[in-house]
Amino acid sequence: AAKTGDGIMNTPFMLIRLSLQSLWSRRGTAILIVLALAMGVALLLGVEKLRQGARNGFANTISGTDLVVGARSGSLNLLLYAVFRVGNATSNVSWSAYRRIAEHPDVAWTIPLSLGDNHRGYRVVGTSEDYFAHLRYGRGRHLEFTAGKAFSDVFDVVLGAEVAAALAYRVGDEIVVSHGLGEINTNTHDDRPFRVSGILARTGTPVDRSLHVSLAGIEAMHIDWREGTRQPGLRFSPERLRNMKLQPRAVTAFLVGLKSRFAVFTLQREINNDRREPLLAILPGVALQQLWSLMRNVEWALTAIATLVALSALLGMLAMLLAGLGERRREIAIFRSVGARPWQVIFLVTSEAVGLVIVAMVLGLAVLFGALVLAENWMAETYGVRAAGTGLGTLELAYLAGILLVGLLAGLLPSVAAYRRSVADGLTIRL
């Protein structure tokens with residue numbers, strides 16, 4: 001009998017073949033288990049991919065900037081409104097303070113930012129030509145134009161890629177800017193329309209969702225406005241404004257690049273301790289780390305939910321294998337009666353669990369990367385998140401190894417239980 005058993009089941013290939021035939025006989029339940037586990041794998045890895053994509057997207061928004069300076073408030077608030085165009089500034093920086101820091105011996109360049117207006121929900125950013133010369137994103141990439149050029153007139157505007165695409169604007173079109181940040185706003189600067197002078201290439205950053213005008217353009221819009229309302233009796237034609245010396249009175253914030261990064265902490269301390277005006281200088285990387293520390297609990301919660309989904313699918317597989325033992329008791333008893341060894345019975349049952357897990361992981365990866373590829377442009381345009389172009393990292397591989405290990409353990413339990421049953425019990429006909 002042992003010799004006969006060796007001839008039938010002595011090779012792993014034969015055991016795998018028998019396990020596949022057994023799974024095929026229960027293909028309906030097996031397919032459901034694979035689908036559930038595949039969705040768990042896709043969800044678990046998807047949360048991690050999106051988390052890393054979001055972090056990389058935030059980190060790639062600004063590159064090569066040593067300090068972000070604004071009115072004294074909080075580090076995160078300054079980072080959010082100055083870099084990511086989220087939220088509002090509590091106060092402005094006077095023009096004299098900006099010029100004082102811009103002319104500091106250690107400063108190589110500055111980019112002033114004036115916020116507070118919008119066009120159909122998109123932020124309007126007042127800045128200088130240095131914005132297009134020195135602003136970097138990603139790994140030190142420059143801003144590029146797909147059409148037109150930077151502003152040269154007081155009433156020129158440069159559009160981000162998403163603004164131009166969403167509103168179907170082209171070079172030469174006229175737009176009207178609204179006062180404030182609300183998407184619906186009746187306080188419009190309709191007597192001073194801007195002309196589109198250029199459209200920037202897509203960057204996957206808040207630049208895509210911004211309109212850029214000169215600081216003189218910001219002053220021209222608000223020269224006859226006080227505290228958010230137009231003053232009666234004051235009217236300035238665009239031609240007259242072009243001939244005026246429009247000197248900014250303040251800026252919302254500004255970016256600073258230094259000649260040497262060794263001076264960053266010295267200048268930061270000097271700005272933060274300046275008694276002439278309450279200012280705050282932050283390092284973008286440090287402020288980002290503070291943001292991630294606040295978001296860590298949310299990330300853990302999402303990962304925990306995805307992990308529970310995967311574990312639920314593994315428990316379902318375990319329940320299927322245990323339930324199948326009653327149906328397979330005669331099959332296993334026959335194998336044992338012809339000489340099947342303990343490891344062969346254990347391998348037979350365990351290989352089913354491992355096979356289901358492997359198929360589910362492959363299917364889950366296919367679903368995940370397929371979904372990321374299909375949604376890549378939408379995620380990049382809407383949230384600035386790019387996750388499709390990256391492979392599996394160390395943490396994702398660890399997740400897959402953990403799922404495979406749990407699947408192996410889930411297969412060992414019913415396999416041991418199957419072998420512990422007596423041969424006589426398996427061959428007995430139950431009425």
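Is Asp274 buried or exposed? In this predicted model, Asp274 counts as buried, because its relative accessibility comes to just 14% and the cut-off for buried is under 20%. Its salt-bridge partner is another story: Arg276 is exposed, with a relative accessible area of 63%. The side chains of these two residues meet at 3.1 Å, N to O. Arg100 joins in as well, since salt bridges that share partners link Arg100, Asp274 and Arg276 into one network.

Now for the overall picture. The protein chain has 431 residues, and 48% of them count as buried. Its secondary structure comes to 15 helices and 17 strands. Looking at contacts between residues at least 6 apart in sequence, 79% join residues at least 24 apart. As for the outside, the accessible surface adds up to about 21,100 Å², and carbon and sulfur atoms account for 60% of that.

Next comes the inside. In soluble globular proteins, nonpolar side chains tend to be buried together. Here, the largest nonpolar core holds 31 residues, and the ones touching the most other members are Leu78, Tyr131, Leu143 and Leu255. Several elements each put in at least two residues: α4 (75-83), β3, α6 (130-134), β16 (253-258), β17 (279-282) and α11 (284-337). Helix α4 supplies the largest share, with six residues. Within α4, the buried residues include Leu76, Leu78, Leu79, Tyr81, Ala82 and Val83. Just after this helix, Arg85 takes a positive phi of about 60°.

What does Leu143 touch, leaving aside its neighbours within four places in sequence? The contacts are Tyr131, Phe132, Leu135, Tyr137, Leu200, Thr203 and Val207. Apart from this core lies another one, made of 27 residues, with Ala38, Met317, Leu318 and Ala360 among them.

Not every nonpolar residue is tucked away. Leu43, Leu294, Met295, Val298, Leu302, Ile305 and Val309 make a nonpolar surface patch of about 590 Å². Helix α11 provides the largest share of the patch, six residues. Leu43, for its part, sits in helix α3 (residues 27-60). With a relative accessible area of 38%, Leu43 is partly exposed.

Back to charges: the structure holds eight salt bridges. Side chains of opposite charge can pair when their charged atoms come close. One such pair is Asp66 and Arg261, whose closest N and O atoms are 3.0 Å apart. Asp66 lies in the loop between α3 and β1, while Arg261 lies in the loop between β16 and α10 (264-272), so this pair ties together parts that are 195 residues apart in sequence. Asp66 is buried, at 7% relative accessible area, whereas Arg261 counts as exposed, at 57%. Asp66 has further links too: its side chain reaches the backbone nitrogen of Leu258 at 2.7 Å. Not counting residues up to four places away in sequence, Asp66 also touches Val256, Gly257, Val264, Ile282, Leu283 and Pro284, among others.

Another salt bridge brings together the side chains of Glu162 and Arg209, at 4.0 Å from N to O. Glu162 belongs to helix α7 (residues 161-167) and Arg209 to the loop between β11 (194-200) and β12 (210-214), so the pair connects parts that are 47 residues apart in sequence. Glu162 is buried, with 15% relative accessible area; Arg209 is partly exposed, at 23%.

Two strand residues round off the tour. Thr110 is placed in strand β3 (residues 107-119) and counts as buried because its relative accessibility is 5%. Its side chain makes a polar contact with the side chain of Tyr98, at 2.8 Å. Away from its neighbours within four places in sequence, Thr110 is in contact with Tyr98, Ala102, Asp130, Phe254, Leu255 and Val256. Leu255 was met above as one of the core residues touching the most other members.

Glu174, found in strand β9 (residues 174-175), is a different case: this residue counts as exposed, at 59% relative accessibility. Leaving aside neighbours within four places in sequence, Glu174 is in contact with Pro193 and Phe194. Between Glu174 and Ser197 there are 9.7 Å in space, C-alpha to C-alpha, and the two are 23 residues apart in sequence.

Technical notes
Residues are numbered from 1 along each chain as its sequence is written. This is a predicted model: local features need pLDDT of at least 70, side-chain atom pairs count only at pLDDT 80 or more; totals for chains, interfaces and linings use all residues. Side-chain values use heavy atoms; hydrogens and water are left out. Helices (H or I, at least four residues) and strands (E, at least two) are DSSP runs, numbered from the N terminus. Buried means under 20% relative accessible area, exposed over 50%, partly exposed in between (1.4 Å probe, protein chains only). Contact means heavy atoms within 4.5 Å. A polar contact is a pair of N or O atoms within 3.5 Å; within protein, one must be able to donate a hydrogen and the other to accept it, and residues adjacent in sequence count only if both atoms are side-chain atoms. Accessible areas come from the Shrake-Rupley method with a 1.4 Å probe; for residues, only the protein chains shown count as cover. A nonpolar core is a set of buried Ala, Val, Leu, Ile, Met, Phe, Trp, Tyr and Cys residues joined through side-chain atoms within 4.5 Å. Patches are made of residues with over 30% relative accessible area and no salt bridge: like charges are joined within 9 Å, nonpolar side chains (Val, Leu, Ile, Met, Phe, Trp, Tyr) within 5 Å.
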